[in-house]
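User: Hi! I'm new to reading protein models, and I'd love to go through this one with you by asking questions.

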2 protein chains.
Amino acid sequence: MSWRWRSKRNDPAESTLKDIATTGFAGEMAQHAKPDARIVNDAGVSSPEPAEAETRLHFNTSHTPAVTSPIGRWLNELHAKYQAVNDGELANYIPELTRANPSHFGVALATADGQIYEVGDSEVLFTIQSISKPLVYGLALEDHGPSAVLSRVGVEPTGEAFNSIVMDEVNNRPFNPMVNAGAIATTSLVKGDGPEERFARILDMFSRYAGRKLSVDESVFESERSTGHRNRAIAYLQLNSGMIQEPVLEHLDLYFRQCAILVSARDLAMMAATLANNGVNPVTGEVAIAAEHVKTVLSVMASCGMYDYSGEWVYRVGLPAKSGVGGGILAVLPGQFGFGVFSPRLDAHGNSYRGIEVCKELSQRFYLHVYDTHFASDNIVRRSFRGGAVTSKRLRGARERKVLDAAGSRILVYELQGGLYFATAEQLLRRMAGEAAGVSFIVLDGRRIGRADLSALLLIRDMSRSLWEHGTTMLLAGLTEQIKADWLALQESSDLKDTCFTNVDDALEHCEKLLIAESDPLALDTNAELPLAEMDILRKLTADQIGRLAPHLEYASYAAGERIIKEGDPADRLYMLASGSATVNVRLDDGKRNTRMAAFRPGVAFGEFALFDGGKRVADVVAETKATCYVLTFEKLERLEKLEPELYHRILFALGRLLSDRLRRVTAEVRALS
Amino acid sequence: MSWRWRSKRNDPAESTLKDIATTGFAGEMAQHAKPDARIVNDAGVSSPEPAEAETRLHFNTSHTPAVTSPIGRWLNELHAKYQAVNDGELANYIPELTRANPSHFGVALATADGQIYEVGDSEVLFTIQSISKPLVYGLALEDHGPSAVLSRVGVEPTGEAFNSIVMDEVNNRPFNPMVNAGAIATTSLVKGDGPEERFARILDMFSRYAGRKLSVDESVFESERSTGHRNRAIAYLQLNSGMIQEPVLEHLDLYFRQCAILVSARDLAMMAATLANNGVNPVTGEVAIAAEHVKTVLSVMASCGMYDYSGEWVYRVGLPAKSGVGGGILAVLPGQFGFGVFSPRLDAHGNSYRGIEVCKELSQRFYLHVYDTHFASDNIVRRSFRGGAVTSKRLRGARERKVLDAAGSRILVYELQGGLYFATAEQLLRRMAGEAAGVSFIVLDGRRIGRADLSALLLIRDMSRSLWEHGTTMLLAGLTEQIKADWLALQESSDLKDTCFTNVDDALEHCEKLLIAESDPLALDTNAELPLAEMDILRKLTADQIGRLAPHLEYASYAAGERIIKEGDPADRLYMLASGSATVNVRLDDGKRNTRMAAFRPGVAFGEFALFDGGKRVADVVAETKATCYVLTFEKLERLEKLEPELYHRILFALGRLLSDRLRRVTAEVRALS
């Protein structure tokens, strides 16, 4: 098993990966404190020969009782398959490149959250060459903005070789930034005070992409400079027609130098992962390029990145990519991962022979082509229901229930699922437009939405405004942090901002409260204390029985925020809420957050479970407001068994009924949720 | 409101749309029985002038109390904005095209599930011209396969105009199928016995794309034929160098004729939606092009579709598209929708001036560029738990529970959420590889997965094989029909096929059964009848109390499949299962399907809810096997209150405990599910 598996810093799965490492994978934590240490050492140790790679494979598998990841295995298979292929020739236009080891072959894949898989000579350094072009193009975009750059460098593919001297004479600019003419013009746009500062900006940006400090192969640079006559010719032609400005020789030096930056296949994978991650290096968290320009850089790679093989690349591989005559290829699956290959033998187009083959097979085998898609059939609305059918977890008194029984259907909840993008948002809008009549509140339950793109959020925002004009308020619940942030960013100051709820329950309670306030505002008053006879579990008792029960009860009052029941306390009594409101808070698995399991209004009994199974309290019950309770200890209740058997039966029976009610309700909820 | 909204046939939202139509939208059902009737009429009625479009807008809005869709409104805004733009010139290379009405302007959007939004002159017919090229290319791919076609027509963009006479001399083929040279070569590849049959195949395919029978504008065809000298020159040059074969004049006639096929902007939108929907027309369900070639057609459109504006199109719009000199543009957002524009004034590249502007604005405003993506942060595993923490709904006897208490943690459940694609599958594999040690079963709960692409399913399949080799069985539950079909299609005969379960509960029960069978096979035997004293709710009774209770009980036996409790029966008794097994089946909201709410094993009591709240049974309980029960009617139980008050207390208390147990368990489940 020769692939290596590294986790990013702060990866929650870190311990997991350590476990794997100790049980046999050659996994290890990347040394982010000195990110370049390992690479430099590895380069120093020189390059393993193919046979040695096999040895490593054999050595490691013998220690592998753990489950292997298919991704690593597939990369291994790909590597082994094409290691045997020796087609293509080393680049020979400068002497230094002919000194490369033609058998070198490294492959690396870095996910957009920073996981690296790599195989073979993935840490061997080579010069980046033309792969520098799209990245410097990004820097020019940052320095001047897209329209200024577009006026100086076109974006049309030419079908010609990388060193073509043909220009777009109609627009007096080079055709695109991926041919040498366009790349030289692009580099000429990089700002800075003198050549040192300009190059420092370039190298610094490349280093942010790679997540480690990169350096230049000075001998390759010198060699490129001393032999780059054609590029000088191109540059002077451009100067002659006003496409670029002086100092031409400085621009050329910068260009030769950017091409001589040393990277490994792993660096290329990480650079590509940075593009896949919207310009943010997923390991270091550093911004290599502003997110707004990533799309443009990827577009130019997609249309012109592979020289005069670009069309066939789109046809066969379908990932934005860039190759260099140093033998590298960088490819991006936006939002998902970056891929880097190094093998210095080139085909007739100047692309790495093995690199192209590996990318073709990877794309075909994993169905990674950008148009490999068949998700038209998503059904965005999982189910919908009215407020009458499901209510918030607040256990309400009879008067409030009456309002909700009548008006609850004015709340319409859509449980969404899958991904929100243009097509699924359109489905949702269609549903809402058809069903909004007579509805006061639409709640979108987004907890099953993994992803929402901006087009979908824009559509929903505009729908929300339309609904508002028709008297319907739209609320959102349970969005992920990312989606919520995107949603809020789309709101304008005129939009209602307080329409996002943590969960559906809160949203429902909000709607219920507004409905009750509209119809029967006094029902919301929890200050008035209910008499004993109006406690839910005592409703079937006669006045005489109530009178006989009263002396056995205690009475307690609580300040707002005070705990009525404390987790871990002995469970030895039953509570009936006489005034105020209270909530049950349960600590979630992670031990940090609380969630509201239920909320009580006057008349409701709680703590009754304990009568049957005793033990300790498993949740806090907290007074939301000033509250009062009637309390029946189980000790007193058991005494009633002898003293007042009929009263005892009634209470036991009422508790059984309460439990069966709640069980029915919770079971229905499980059914709804499942 | 001048946009019109049509539903596809069999749309479940049909009634909704009708409602909207009657409340003011100019919505109507497309007449699919005679799909072309309306179009022909509309074309006959001639074209509304801009002023008239405004009138329609005014007329319709005055009837619109319903909520309006932002999509229709945005299309309206776009249309109104660019209606005022009069840049560009009519195509003039044949006289017929100069007769077009330069003010015509129609826009249509069709979703990949067949919903159409349209505005302006969306039903005016015009000739398809070069938009025919990618579609005929698809036909050539079907006729000869990709490699044969690629050997005859390249896929490289040229940066040259559509009528360029430059060829790829290295490969002796035209550069790509979107320039005239390539398109003529493509058309020459269309199979058929003679020109009529060959053209009938082309026209039939176009009609399947559009979902209606299309026809040819014969005068445009004659005009193209009589003036197409340059195309004849191109064709003879190709014949001369062996790029195409005779009969050249027949190929040219076919080519001129395919260019003269009449379509509307709405047709283009539907054709594009067919490509978005993997080659299947979303309204008629007809296959216009085999799914395997859709990717290739889209790729060629993406790299070469917009003449020498293709690079800038990718840069600015980023959707695969094709334009024609008739003034049409067809654009595709794969998996989501198709877009059609018609406005006959062209820019210098030969593309519709307004069409380009509308597409640019649509793409930018809705963030539809194919690289507008930022979904790297999906967290695919929502939560995971062990079999000990959650169990199947089968209520098991003490002996079985003992096994599961000890071994349940060998079942590991991952609740997935969002979309499964390469990057999220990689996350999942990482989790599984790290946690699989000591696990016998991994259950993937896929009910919250809206979409799974093939790359993800392949990764999971291979992981499943790895796990199997390490003694861990992977099961999947709750997949959508589409995902399940894709999953099964990836399995090879050597894979276990019976690893898909309808829901997690079934999967859990399957695992539990295997664990119990391994440790204590006899515990699974439900044939032996348990004595009364071993019924769960009677365990705390003394032998003497059991003896006194026995005479009040009935005993009943049931055949496998027989209903023990029938929905709607009076709820007047309590059951204790003595032997066999039974399940509770609840009818779901839709009234058609049943779901298993619980399953019982010997010792378990059921039907006890009714004691407290009476009424009718709300679910069936069915004997899964031959089964026997002890039955206590509530009438007898009430008699016990007087006769045997202590026994009565004990039973009531045991039932309360049973309820509180179940409530705790179900509440925990709600907490887990929420």
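User: Are R212(B) and D267(B) buried or exposed?
Analyst: Let's begin with the scale: buried means under 20% relative accessible area, exposed over 50%, and partly exposed in between, using a 1.4 Å probe and protein chains only. On that scale, R212(B) and D267(B) have the status buried.

User: How far apart are the closest N and O atoms of R212(B) and D267(B)?
Analyst: A salt bridge needs a side-chain nitrogen of Lys or Arg within 4 Å of a carboxyl oxygen of Asp or Glu. R212(B) and D267(B) form one, with a closest N and O separation of 2.7 Å.

User: How many residues apart in sequence are the parts that R212(B) and D267(B) tie together?
Analyst: Helices (H or I, at least four residues) and strands (E, at least two) are DSSP runs, numbered from the N terminus. R212(B) sits in the loop between helix 9 (194-210) and helix 10 (218-227) of chain B, while D267(B) belongs to helix 13 (residues 265-276) of chain B, so the parts they tie together are separated in sequence by 55 residues.

User: What should I know about the numbering and the kind of model?
Analyst: Residues are numbered from 1 along each chain as its sequence is written, and chains are lettered from A and ligands numbered from 1 in the order in which they are written. Side-chain values use heavy atoms, leaving out hydrogens and water, while local features need pLDDT of at least 70, side-chain atom pairs count only at pLDDT 80 or more, and totals for chains, interfaces and linings use all residues, since the model is predicted.

User: Which helix holds K81(B), the salt-bridge partner of E361(B)?
Analyst: The side chains of E361(B) and K81(B) meet at 2.8 Å, N to O. E361(B) lies in helix 16 (residues 353-366) of chain B, and the parts tied together are 280 residues apart in sequence, because K81(B) lies in helix 4 (residues 70-83) of chain B.

User: Is E361(B) buried or exposed?
Analyst: Its partner K81(B) is partly exposed at 44% relative accessibility. E361(B) has a relative accessibility of 16%, so it counts as buried.

User: What is the strand order of the open five-stranded sheet in chain B?
Analyst: Two strands pair if DSSP finds at least two bridges between them. In general, strands pair through backbone hydrogen bonds, either parallel or antiparallel. Here the pairing is mixed, and the order is 9-11-13-15-16.

User: Which strands stand at the edges of that sheet?
Analyst: An edge strand has a single partner strand, so one side of it is left without a neighbour in the sheet. In chain B, the edges are strand 9 (381-386) and strand 16 (500-501).

User: Which residue stands opposite V443(B)?
Analyst: Strand 13 (residues 441-445) and strand 15 (residues 473-477) of chain B run parallel, joined by five bridges. Opposite V443(B), in strand 15 of chain B, stands L475(B).

User: How many aromatic pairs are there over all chains?
Analyst: Rings of Phe, Tyr and Trp (its six-membered ring) pair if their centres lie within 6.5 Å; planes under 30 degrees apart count as stacked, over 60 as edge-to-face and the rest as tilted. A search of the whole structure gives a total of twelve.

User: What is the angle between the planes of F126(A) and F342(A)?
Analyst: F126(A) is buried at 6% relative accessible area, and F342(A) is buried at 2%. Their rings are stacked, 4.0 Å centre to centre, with an angle between the planes of 5 degrees.
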